Amino acid sequence: MIALACVAGMVTADMAKAQEAAAGGGLEERLARLRGLKVANGVVTSVEHFDSPTLEIPDKPAITNLPPRAVMKVELRPAEGSHILVEIWLPDEPKWNGRLLGIGNGGAAGHINPQQLAWPTQGGYAAATTDMGTAPNPDSGVGNREVWRDFGYRATHLMTVVAKDAVRAYYGRGPEYSYFNGGSTGGQQAMQEAQRYPEDYDGIVANIPAHCRAPLHAYFLWNDQIFAKCPFTKEQEAAVIAAANEYLAAREVPVAAGKFVSDPRWDAKDQEAVIALALKKDATLTPAHAEALRKLFAGPVQEGTGARIFGGLPPGSTFEGSHGNLYLFKWVFGAKKPLGEINFGADIDTYSAALGPWLNAENDDLSAFAKRGGKMIMMAGSVDSVVPCWASIDYYERVATREGGLEKAQEFLKFYLIPGMAHGGGPGMNKPPDMLAAVRAWREKGVAPGELIGSRSVDGKKEWEMPVYPYPKKTAWDAATSTYKAVDGPRGGVEPVAEKFRPAATE
């Protein structure tokens, strides 16, 4: 027994030496390499090593089960007027899984959330994120084109470059695979990476992506101006949502019928029917409310030309989050411009021409990304009023057209419309499938995602689960067998954003 224990100890020591050699030196040497890393137009501001498995965050639950890790912070100044913060977490070997994960930000960004770096580090990823250059607040972008560029795409790319350098410095080798995972603004980042820098990532997840960015904020302004003139109470809003769920229930699977809308594509006739039903449900809704709902559901169009700017409020979705978020207009028109005075004629042309080329991720040519074996999954929620799915459906159809057909596009790009999911949570599926795991299996093992399982949980208890399928397939119910099945769904069904509001990308 003693001899065996000695042998085991020797093996453990040999393994440790082998791991240290593979990593290119001991801990202090690796940390020194991080501290001495040469960063183009930037500087390493700190490198620390943490052994504690717990991270305390003020006013939030502590994060546990963290591996020993190096944390590196970097400041980048690629141009005058630009100031980008980057943070990289590097789990020690053998915990590192050989992969880099870029993490997207949210909203106007402007800060780095350690929670976003903690979960991938727990899973063994080297992880990186950026504040996108918008600190200390969104007003940093007022009249500053360098901030527009950073927020649009530059910060994410430069973060990726320095993160790969940090991986090589710390582990003595580069990542086997690099992935990006982001939602909302992070979805914009994800799609900019695939379009502008196809060599950065092997696999990309674009969740609820705000990729049609400038038109999306025009939708916010459109709704904001409508609500300012005709407010709705919470009870009135609830009546409108209930009317949509009831009217569209006949199109739904049993678990959704009357509770949420799983496919928000509808027409003017449907909209009028929902408005009429809402007025019956709540007698306080007036003709002025009905007219406001027509405009909300129709979505913004340009005055004079009627050109489509963005889609409207999806049926069954909440009003909250569908307005506000107007900082981009300040970027163009200045902080003192009364937002209620911005018109949907010439002002929208000015706004779109200024920001669209920097912020929009609308280039449907993904051939370079596909050629190098890249795989991407897009996911949108059917009742998301913050980033409605309209532009994503249109984008996917444009990619399919460019590729010469749906089958060609699906060789590298899949899109899932998640039933009843809002901008996080929602009345339907609030636990969507693990798209990062799906894109990894696709890229590394050639297992293309098809049927994936999502669920709904309330207070930690699972209420139901159901399969979802890549667009255009939909989830249907087989009453004879009481099981779900995939059926062919409609293609398109959304009015595209006019090309003038999707100007070509700059640089």
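In the predicted model, the N-terminal end of helix α3 is capped by N113, which places a side-chain oxygen 3.0 Å from the backbone nitrogen of Q115. Helix α3 spans residues 114-122, and its buried residues are L117, A118, P120 and T121. The cover over these buried positions includes four strands, namely β2 (69-76), β3 (84-91), β4 (99-103) and β5 (126-130). Just after the helix, G124 adopts a positive phi of about 100°.

Strand β5 is mostly covered, with 5 of its 5 residues buried. In a regular strand, side chains alternate between the two faces of the sheet. In β5, A126, A128 and T130 lie on one side and A127 and T129 on the other, and residues on both faces are buried.

Strand β5 pairs with β3 and with β4 in opposite senses: β3 and β5 run antiparallel and are joined by 4 bridges, whereas β4 and β5 are parallel, with 3 bridges. A127 takes part in both pairings, as the bridge partner of W89 and of L101. Between β4 and β5 the chain passes through α3, and the resulting β-α-β crossover is right-handed.

A further buried position is found in helix α4, which covers residues 145-171 and contains E146. The relative accessibility of E146 is 18%, and this residue therefore counts as buried, the cut-off being under 20%. Leaving aside residues up to four places away in sequence, E146 is in contact with A79, E80, G81, S82 and R154.

Definitions and conventions:
Residues numbered from 1 in each chain as written. Predicted model: local features only at pLDDT ≥ 70, side-chain atom pairs only at ≥ 80, totals over all residues. Heavy atoms only, no water. Helix = DSSP H or I, 4+ residues; strand = E, 2+ residues; numbered from the N terminus. Buried < 20%, exposed > 50% of the residue type's maximum accessible area, 1.4 Å probe, protein only. Contact = heavy atoms within 4.5 Å. Polar contact = N/O pair within 3.5 Å; in protein donor to acceptor, adjacent residues only side chain to side chain. Pairing = 2+ DSSP bridges. Right-handed = clockwise from strand over helix to strand, strands pointing away.
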